[in-house]
Amino acid sequence: MRRRDFLLASACVAAVGLLPVAARAAGRLGVVASFSILADMTRQVGGDAVLVEALVGPDGDVHVYEPRPRDLRTLTAAGLLVRNGLGLEGWMDRLTGAADFKGRVVVAAAGVMPRTMKEDGGTVATDPHAWQDPRNGVLYVRAIAGGLAAADPANAAAYQAAADRYAGRIAEADAWIEATLAAVPVAQRRIITTHDAFGYYGARYGVEFLSAEGINTEFEPSAKAIAVLVSQIKRENVRAVFIENMTSPRMAQMLARETGAVLGGTVYSDALSPVGGPAATYLEMLRHNTTLFAAAMRVG
Ligand SMILES: [Zn+2]
């Protein structure tokens, strides 16, 4: 590491570690969210009364995250932790234990009806990507508002009002997605992604998603699994393969090359884009993904 980089890294560590302290000093509630989508939801509900930090930021992969020492300091000083649950953050218990975290915890997906699926070998796994169905997004928002109100009762009414407004905008996005995809013939509603992140979305809107990897990004698919998928893509005449922002584009590029399917662009599955990108908020993510999916399936 060059000296300049080292100094920069040190400065970042100090600044990030101090954020929740600064929040308390300013009379705001310090909140840690496990990943960028939950951080955005919490900011929408909490407004100026909260200071939110995501452990796994934009374009990051929450499945395989390795907590860093600065996360310990951040978490120790926070009043509230917002996590997804459903097995998404396998690293979280280790982190909260090491940080001796005594604040409140919101499990955003606690009210969701989980989607389960059979993995290779027949074991049943829970799909953690519940946020991709906006109706679940509303449940997340309700859970987050309840957690904020419990941690900061003085602002409970404001959190509730903001959650009501935000839930209304999510419901509008849900209706828009439904109408947009209704224009796609049912036989053409097939999409390929790198990992199986859109099961809830597919179930909500009647789109079939095929993927090279399972519901986790931890393991590379076997050559045999890829060969099976390639022949399925050809047989079912699936036209579009999508890159996901938080995984390597290699798999999608290879599938497109092998099958003649077109690359439909980059969609946002488990992380938002940085500010200024096409999916910097949860609502922008839903609309961006749908716009790309619909365009690719109409051509198909
Ligand atoms: Zn995922």
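This passage describes a metal site, a buried serine, a parallel sheet and a helix in a predicted model. Local features were taken at pLDDT of at least 70 and side-chain atom pairs at pLDDT 80 or more, whereas totals for chains, interfaces and linings use all residues. Residues are numbered from 1 along each chain as its sequence is written, and side-chain values use heavy atoms, with hydrogens and water left out.

We begin at the metal. Three histidines, His-63, His-129 and His-195, each through NE2, coordinate the zinc ion together with an OD atom of Asp-270, at 1.9 to 2.0 Å. Donors here are N, O and S atoms within 2.8 Å of the metal (3.2 Å for Na, K and Ca); water is not among the atoms, so sites may look incomplete. The angles among the four donor atoms run from 94 to 120°, and the site is tetrahedral, a label given to four donors if all angles lie between 85 and 135 degrees. Along the chain, the donors follow the spacing H-x65-H-x65-H-x74-D. Distant parts of the chain are linked by the pair His-63 and His-195, 132 residues apart: His-63 lies in the loop between β2 (50–56) and α3 (69–77), and His-195 in the loop between β7 (190–193) and α7 (199–205). Helices (H or I, at least four residues) and strands (E, at least two) are DSSP runs, numbered from the N terminus. Both histidines of this pair are buried, that is, under 20% relative accessible area with a 1.4 Å probe, protein chains only.

Ser-273 sits in the loop between β10 (262–267) and α10 (282–299). With a relative accessible area of 4%, Ser-273 is buried. Its side chain reaches the backbone nitrogen of Ala-280 at 3.1 Å. Beyond neighbours within four places in sequence, Ser-273 is in contact (heavy atoms within 4.5 Å) with residues including Pro-58, Asp-59 and Tyr-268.

Turning to the sheet, four strands lie in the order β2-β1-β3-β4, forming an open sheet with parallel pairing; two strands pair if DSSP finds at least two bridges between them. Because β2 and β4 (104–107) stand at the edges with a single partner strand each, one side of each is left without a neighbour in the sheet. Strand β1 (residues 29–35) pairs with β2 over six bridges, and Phe-35 stands opposite Val-56 in β2.

Finally, helix α9 (residues 250–259) has buried residues, among them Met-251, Met-254 and Leu-255. Their cover includes β7, α8 (223–235), β9 (240–244) and β10. Just after α9, Gly-260 takes a positive phi of about 80°.

How values were computed: Four donors count as tetrahedral if all angles lie between 85 and 135 degrees; four count as square planar and six as octahedral if opposite donors are over 155 degrees apart and all others between 65 and 115; anything else is irregular. Buried means under 20% relative accessible area, exposed over 50%, partly exposed in between (1.4 Å probe, protein chains only). A polar contact is a pair of N or O atoms within 3.5 Å; within protein, one must be able to donate a hydrogen and the other to accept it, and residues adjacent in sequence count only if both atoms are side-chain atoms.
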